[in-house]
Amino acid sequence: MRRSLGLGLLLVTACGGGIKVPETIPVAPGVPGPISPAIALPPVDTSARSAAGGVAGRALIAPDWPLTQRVRSIAAEHAMVVTSHPLASDVGVDILRRGGNAVDAAVAVAFALAVVHPVAGNLGGGGFMVVRMHDDTVRTLDFREAAPSGATRSMYVDSAGNARQSSLTGHLSVGVPGSVAGLFEAHRRFGHLPWKELVAPAVRLAREGHTLDGVRSRQITREAERLARFPASRAQFLVNGEAPPAGTWFVQPDVARTLQLIADSGPQVFYGGSIAELIVQEMARGGGLITRDDLARYRAKWRDPIEIGYRGYTIYTMPPPSGGGVTLAEILNVMEGYAPLPPFGSARLMHLQTEAMRRAYADRNAFLGDPDFVDIPLSRLLSKSYAATLRADIDPQRATPSPPARGARSEGTETTHYSIVDADGNAVSCTTTLNNDFGSAVTVTGAGFLLNDEMDDFMTAPGKPNLFGLVQGEANAIAPGKRMLSGMTPAIVLDPAGRLFLVLGSPGGSRITTAVYQVLSNAIDQDQPLAAAVAAPRLHHQAVPDTLHLEPDGFVQLSIDSLEAMGHKVNVWSYKMGITTSMSRDWRAAAAPAAAPAAPPITAPFVFFPRSLPTIAPATAPPATLAASALVTPRPFMIVSTPTTDASMA
Ligand code: DON
């Protein structure tokens, strides 16, 4: 569980634009404020692509909120790679320098993350990728895991009707992995450099080794007990049963061999060759269900992106089997009807956001699942008219009760997001996961990689919460070959002029979608530069349990008291939530003369804002060094490669 932010948060103003920090007002502790006045917000015409609706009033943010002053932005002139590990970011940058495009870089980054960020980077998991090419082609790729053919609806239900732990740890929790098929498919459709070249950096990192940093060492420590239960995981990650300390040179010969096979033979070796054989043997060791046929049948699937129009901006994100896109669309569509919005951090705004989230998550839990198995009323859920009916049901003064259920667990770090933009303006937004920390904790003997525990994302027991407290419905019941519903919300946002504006995503389980929503809303509605938008305190509501979660120390007591008076059950977390991995283009800065004389057409700098940067090391990503090395590349551009922090909170 995250309890505090690391020390590495820094403040840098970006691209000459500066950071507009939400105003901070002192509030006398313990002084309850009046209930916010009723919100009588005129509905706005959302059919036209108009500018943002504006904000009435001053932002409210607690005076001792630490993030606003400590978030750091990093600018790049033409291209950028943002991942959860500096070595993976460097791999992506190197691919761009060799003439690879954003998709090439994404493939190489994903393999590198499987080596250097094993808590979530993976060969044995899955994910979702949003691609927007500079010619405006937008595609979304589903490489989510699938239930094995032997899976049954009630395989995890015990005699008391509760879900067994076997959906979370061990061989039975594993879904058919999608990552290798997905990365190959992304490359087949959009890649430029040879496949082998993209896998090679990961092979090198695994074979030659790298220094395990403190973040990764702590992650292993937290899960050492679970990993120790499985001999191959113990051998792969532990030394005498304990996590290797920071500074350990970490060499992974089994992973290197696996990656080399994938480099040489593509996904066939994974889904039908010697790696498939090792996976099936591993299943036999622990009562897992994945068969050779399950592996042979697995396919990554291109799906139509969800396109959300919001106050003139366009957001492209994932359709089911990720629930992220639909949930995000419903929240945005409901909120679009309020203009001008109450200011950031006010009880009036937080109430509306909570009610929008409550309704969107209720729909998510009721209607969403794998579209190849269930009928989803997608066009209705995504429509502005449906949002209007949801909005009409919101009482501006009072919380609408949701049915009670058990609480959600604290946030983990187990998913990872990366965002890439290349010098031509192609963008990739990709979220990938093993689900839990180190997935099922099962490593494939002889192949060195971890398997997911994604089966827990299904409705494992009717009426019971999953790992993230989500109580899901029939649409997400287990069936052979079906893909489990996800909350992952990789997104690419265009501004009203159709220019690339934001590339973002987040880990955080059920909190992924609300994290992405809040960064978007802060940037678009509150006109906050991305650093402030990412740094701002967050709230979360997922319908069930009926609890409004707040980050600690961020919101003013006046707002919290008002929300309670309106009927919200407020719970202040003891930790900070969802670290988005975001980059934006600062078009204001674009008006300034371009720094590089031979700049390609994209001249506006990208600005990257992690929420914290404990892992940044001067040796890994000093902009000056990268800028200098960029001068000797055939296509001069400045790149900044940085780690992000979805791995950073101990
Ligand atoms: O697909 C999902 O929604 C989950 N398996 C994601 C898990 C996650 O984000 C865990 N990390 N914090």
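**Figure 1. P340 sits in the loop between helices α12 and α13.** This is a predicted model, so keep that in mind for every view here. The peptide bond running from A339 into P340 is cis, and its omega is near -5 degrees. There's a second bond of this kind to look for: P320 and P321 are also joined by a cis peptide bond, with omega at about 15 degrees. P321 belongs to the loop that links β9 (313-317) and α12. Why point these bonds out? Because most peptide bonds are trans.

**Figure 2. Two residues other than glycine, R311 and D553, have a positive phi.** For R311, phi is near 50 degrees, and you'll find this residue in the loop between β8 (306-310) and β9. R311 counts as buried because its relative accessible area is 4%, with the cut-off for buried set at under 20%. For D553, phi is near 70 degrees. D553 sits in the loop between β15 and α18 (557-565), and with a relative accessible area of 45% it's partly exposed. These angles get a view of their own because most residues other than glycine have a negative phi.

**Figure 3. Helix α15, residues 384-392, has a buried side.** Which residues of α15 are buried? They are Y386, A387, L390 and R391. These four cover an arc of only 145 degrees around the axis, so they end up on the same side of α15. On the face turned away from that buried side, you can spot the exposed residues S385 and A392. What do the buried residues of α15 pack against? Their neighbours are α12 (324-336), α13 (347-367) and α14 (378-382). While you're at this helix, look for A388, which also has its place in α15. A388 is partly exposed, at a relative accessible area of 33%. Its C-alpha atom is 8.0 Å from that of N333, although A388 and N333 are 55 residues apart along the chain.

**Figure 4. Three strands make an open sheet in the order β14-β15-β16.** The pairing in this sheet is mixed. β14 (539-540) and β16 (570-572) are the edge strands, each pairing on one side only. Zoom in on β15 (residues 548-550) and β16: they run parallel and are joined by three bridges. One thing to pick out is H549, whose bridge partner in β16 is N571.

**Figure 5. The largest nonpolar core brings together 83 residues.** Which of its members touch the most others? F111, M129, L259 and Y418 do. Helix α2 (residues 102-116) is the top contributor, giving 14 residues to this core. Take F111 as your starting point: leaving out residues up to four places away in sequence, F111 touches L123, L183, W195, L198, V199, A202, L259 and I262. Another core, of 81 residues, lies apart from this one and includes A347, M350, M357 and M566.

**Figure 6. The largest cavity has a volume of about 160 Å³.** It's one of four cavities of 30 Å³ or more in the structure. Its lining takes in 20 residues, and those nearest the centre are N435, D457, F468, G487 and G509.

**Figure 7. Zooming back out, the protein has 19 helices and 19 strands.** Of its 650 residues, 64% are buried. Look at contacts between residues at least 6 apart in sequence, and 77% of them join residues at least 24 apart.

Terms used: Residues numbered from 1 in each chain as written. Predicted model: local features only at pLDDT ≥ 70, side-chain atom pairs only at ≥ 80, totals over all residues. Heavy atoms only, no water. Buried < 20%, exposed > 50% of the residue type's maximum accessible area, 1.4 Å probe, protein only. Helix = DSSP H or I, 4+ residues; strand = E, 2+ residues; numbered from the N terminus. Arc of directions from axis to C-beta. Contact = heavy atoms within 4.5 Å. Pairing = 2+ DSSP bridges. Core = buried A, V, L, I, M, F, W, Y, C linked by side-chain atoms within 4.5 Å. 1 Å grid on protein atoms, 1.4 Å probe; cavity = no way out; pocket = protein on both sides within 12 Å on 5 of 7 lines; lining within 4 Å. Points joined across faces, edges and corners; volume = space filled by probe spheres on them.
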